[in-house]
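Please open the model in a viewer and keep the selection tool at hand. The tour below proceeds from one selection to the next.

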There are 2 protein chains.
Amino acid sequence: MDIREQVHQMKLEAPAMAASSIEQRNHALELVAQALEAHKDQIFAANEKDMAAAAEAGVAQTVQKRLRYDEGKLRDGVAGLRQLVGLPDPVGRVLLDRELDAGLELKRVTCPIGVIGVIFEARPDALVQISSLCVKSGNCAVLKGGRETANTNRVLFDVIHEAVVEAGLPAGCLLQAELHSEIDELLQCDQDVDLLIPRGSNKFVRYIMEHTKIPVMGHSSGVCHVYVDAAADQDMAVRVLVDAKTQYPAVCNAAETLLVDRSIAAEFLPKAARGLAERGARLRGTAEVCELLAHVEGIPTVEPMSDDEFSTEYGDYVMSCKVVDGVREAVDHINRYGSHHTDAIITTDDAAAEYFMQMVDSAGVYRNCSTRFADGFRYGFGAEVGISTGKLHARGPVGLDGLVTYKYRLVSHGDIVAPYASGEKSFHYRDLA
Amino acid sequence: MDIREQVHQMKLEAPAMAASSIEQRNHALELVAQALEAHKDQIFAANEKDMAAAAEAGVAQTVQKRLRYDEGKLRDGVAGLRQLVGLPDPVGRVLLDRELDAGLELKRVTCPIGVIGVIFEARPDALVQISSLCVKSGNCAVLKGGRETANTNRVLFDVIHEAVVEAGLPAGCLLQAELHSEIDELLQCDQDVDLLIPRGSNKFVRYIMEHTKIPVMGHSSGVCHVYVDAAADQDMAVRVLVDAKTQYPAVCNAAETLLVDRSIAAEFLPKAARGLAERGARLRGTAEVCELLAHVEGIPTVEPMSDDEFSTEYGDYVMSCKVVDGVREAVDHINRYGSHHTDAIITTDDAAAEYFMQMVDSAGVYRNCSTRFADGFRYGFGAEVGISTGKLHARGPVGLDGLVTYKYRLVSHGDIVAPYASGEKSFHYRDLA
């Protein structure tokens with residue numbers, strides 16, 4: 001069977017997975033945790049093979065770090081699984097319970113989405129994390145990992161799959177795709193795959209988004225802004241800015257652009273540049289920024305940049321910078337050049353803050369805090385499916401809720417529409433819950 | 001400006017529309033209602049032109065009926081507008097209010113989606129209905145109607161647009177596309193249009209779905225089932241079946257397929273066929289169905305059909321029919337051939353009903369009632385955006401809620417992530433609302 005047929009089969013089996021009890025699904029997660037620990041030597045050995053091949057192929061050190069699956073990753077994975085067990089069941093929640101008329105009761109009840117396609121690059125820990133989220137939420141998942149960790153992925157998948165089946169879940173609920181050509185085949189399965197979750201580089205995610213009819217949850221870029229308003233506490237602004245840029249520059253919620261109100265630019269920019277320089281970060285800026293910082297000592301030279309570079313996601317110790325005329329121009333800039341991820345204003349002015357938070361068209365709009373808070377764990381969701389910059393279904397950091405949909409259940413004793421259409425009967429809505 | 005530039009401009013203006021108050025938006029709807037009444041002669045005259053052209057072009061009578069915009073349509077439209085004014089504001093609802101730590105407060109607040117593309121065939125009343133829903137929910141909308149009612153659409157749009165601007169909403173919040181070529185241009189605006197709502201024939205909706213990267217809300221087909229279980233009250237089953245098929249056969253929630261348990265087929269099928277025949281409807285069926293009904297008097301001859309025809313949406317007084325071995329085979333059939341819209345089981349057996357409602361992968365799963373109840377107005381949503389057979393964002397009949405998303409607002413006094421990452425500080429989640 002090729003992958004398309006397998007996925008079609010999975011689609012038909014998805015309702016059985018959706019009908020599994022939360023006890024079964026939690027039991028499966030517990031067995032997966034145990035199995036990962038029991039098979040760790042085998043997993044690490046497979047990963048050593050992948051690491052050796054990567055070293056030989058001259059793969060960059062930063063990428064090699066992501067390929068590694070070691071004691072630390074295993075420990076985090078197992079801890080994550082046990083945390084997941086403790087989370088409430090996302091399935092079967094009654095969102096609406098309404099009597100339409102006597103004896104005619106409507107319920108809107110959450111249920112799994114069905115078949116989730118997960119395509120990820122590099123990190124084998126993503127396989128453990130996302131397959132567990134799918135199991136917890138009663139979804140079937142087809143998993144395609146990067147070829148760089150093919151050995152690790154294969155062992156991890158087998159260990160997880162065996163444990164899930166041992167817990168009594170349908171054998172068809174998890175499927176691994178191993179061939180690179182299967183990515184494009186999977187992208188064509190829009191009749192059978194309900195949702196795609198890609199994890200990897202911007203380029204990789206963009207490729208997925210551009211080559212499928214299946215809804216994609218995620219983001220291809222994170223161009224986050226910090227706008228320092230005229231009425232900012234400038235010491236706070238430096239502290240927040242430095243955290244947003246340098247606390248972990250490689251991730252999507254790190255800030256990429258600093259916007260400063262013109263009335264404070266001459267005073268604030270030198271402080272900002274020094275604060276960033278202390279943490280090894282430098283600025284690039286418009287001609288105005290370059291001029292304002294030209295004679296400031298102890299900071300790296302500010303590289304000039306053009307307007308069309310303001311959508312750049314550096315993921316590094318570099319930051320774009322521009323001077324703006326107040327909160328209105330800041331908002332226009334963000335909505336034009338940003339990626340609708342997370343943007344912050346630093347101000348003591350309530351009106352400016354409210355304008356910013358209302359008008360910035362992003363998943364996260366922050367006042368006086370670092371963009372780095374944009375994260376499912378920090379928001380208290382327990383587990384994170386990903387961060388979405390789309391506006392449909394789920395937006396921003398997505399927890400288990402993002403893996404469920406709902407269905408309407410209507411129960412009566414033979415009611416038909418004709419008497420309502422003729423006016424003989426009428427609805428009497430009464431919410432029951 | 002071509003339509004793509006206009007839509008790009010709209011995208012940048014969408015936050016201003018999103019920031020409008022509910023008083024302004026309701027006032028706009030009231031002014032639209034008044035303006036429609038004040039300009040009715042002009043509207044009807046434009047429609048007469050379209051109707052004359054349609055008659056001359058030999059357009060089918062059923063289609064002509066949908067092109068007409070008369071006193072009745074106007075009255076319904078105005079009544080709908082006033083009902084919409086009475087509905088609560090879908091924008092600004094606080095879905096989550098959580099203290100992450102002292103002084104660090106997270107809110108999830110509903111907001112408009114942004115720019116909605118509405119593409120519809122034939123019915124000019126859809127222009128009134130959907131543009132009002134967009135206004136109520138603070139969204140911008142670009143509207144493309146069918147060329148058959150170009151004159152009517154133009155007058156309706158102008159009347160609505162003028163009223164909306166008079167109410168103080170941004171002039172750019174509504175835009176009309178008039179050229180047929182603009183449909184394909186609109187489908188390419190995936191950077192600026194957040195959601196597409198197509199209204200029209202299955203073929204038309206499928207074309208939209210297959211030619212855009214923009215998320216589409218709707219359904220291309222409605223293949224709904226009635227399964228009559230062994231334990232059915234057979235009189236009730238006939239009543240529900242006849243309503244589901246014949247009460248209004250042209251609509252998506254009308255039933256297209258009858259499934260009957262084998263143990264009662266010989267007894268039930270003649271009653272079903274007679275009930276349908278009384279309302280002018282006939283059956284098509286498998287060889288087994290044809291045989292069981294071959295010698296029944298007073299019903300139309302049952303036309304034989306093959307398995308691959310079971311996904312047919314007749315939209316007419318015809319129904320597919322098959323005998324199945326119990327609820328399991330019924331569910332398999334529905335998940336395989338259905339359109340995930342709405343399906344009903346008729347049974348007195350709680351276990352069979354629960355199995356059916358759990359396992360059928362459709363937006364609506366009904367027990368002992370007609371599939372024709374699948375409708376936003378009947379569900380008590382007040383206004384209906386459409387019915388979605390997709391599982392992401394909104395499923396089934398969609399009310400105003402389907403036109404909003406949410407954003408996260410995070411407010412603090414200078415909090416940064418570093419001390420949480422180092423373990424110096426930790427989150428203390430406390431839900432406030």
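Two strands are said to pair if DSSP finds at least two bridges between them. The model shown here is predicted.

**Between the chains.** Select strand E16 of chain A, residues 404–415, together with strand E13 of chain B, residues 364–369: the two pair in the parallel sense over 5 bridges. For a single bridge within this pairing, display A:Asp415, whose partner in E13(B) is B:Cys369.

Next, widen the selection to the contacts between the chains, where 60 residues of chain B meet 60 residues of chain A. Which element of chain B gives the most to the side that touches chain A? Strand E16 of chain B (residues 404–415) does, with 11 residues. Colouring this side of chain B by class shows 31 nonpolar, 15 polar and 14 charged residues.

**A sheet in chain B.** Now hide chain A and select E5, E4, E3 and E6 of chain B. These 4 strands form an open sheet in the order E5-E4-E3-E6, with parallel pairing. Strand E5 (174–177) and strand E6 (195–199) are its edge strands, each pairing on one side only. On average, neighbouring strands of the sheet are turned by 20 degrees against each other, direction ignored.

Focus then on strand E3 of chain B (residues 115–120), which runs parallel to E6(B) and is joined to it by 5 bridges. Here B:Val118 stands opposite B:Ile197 of E6(B).

**A helix across the sheet.** Finally, add helix H1 of chain B, residues 3–18. Helix H1 lies across E3, E4 (140–144) and E5 of chain B, and runs at about 150 degrees to E4(B).

Note on methods:
Residues numbered from 1 in each chain as written. Chains lettered and ligands numbered in written order. Predicted model: local features only at pLDDT ≥ 70, side-chain atom pairs only at ≥ 80, totals over all residues. Contact = placed C-beta atoms within 7 Å. Nonpolar A, V, L, I, M, F, W, Y, C, P; charged D, E, K, R; others polar. Axes fitted to C-alpha atoms, helices over the stretch in contact; angles between N-to-C directions.
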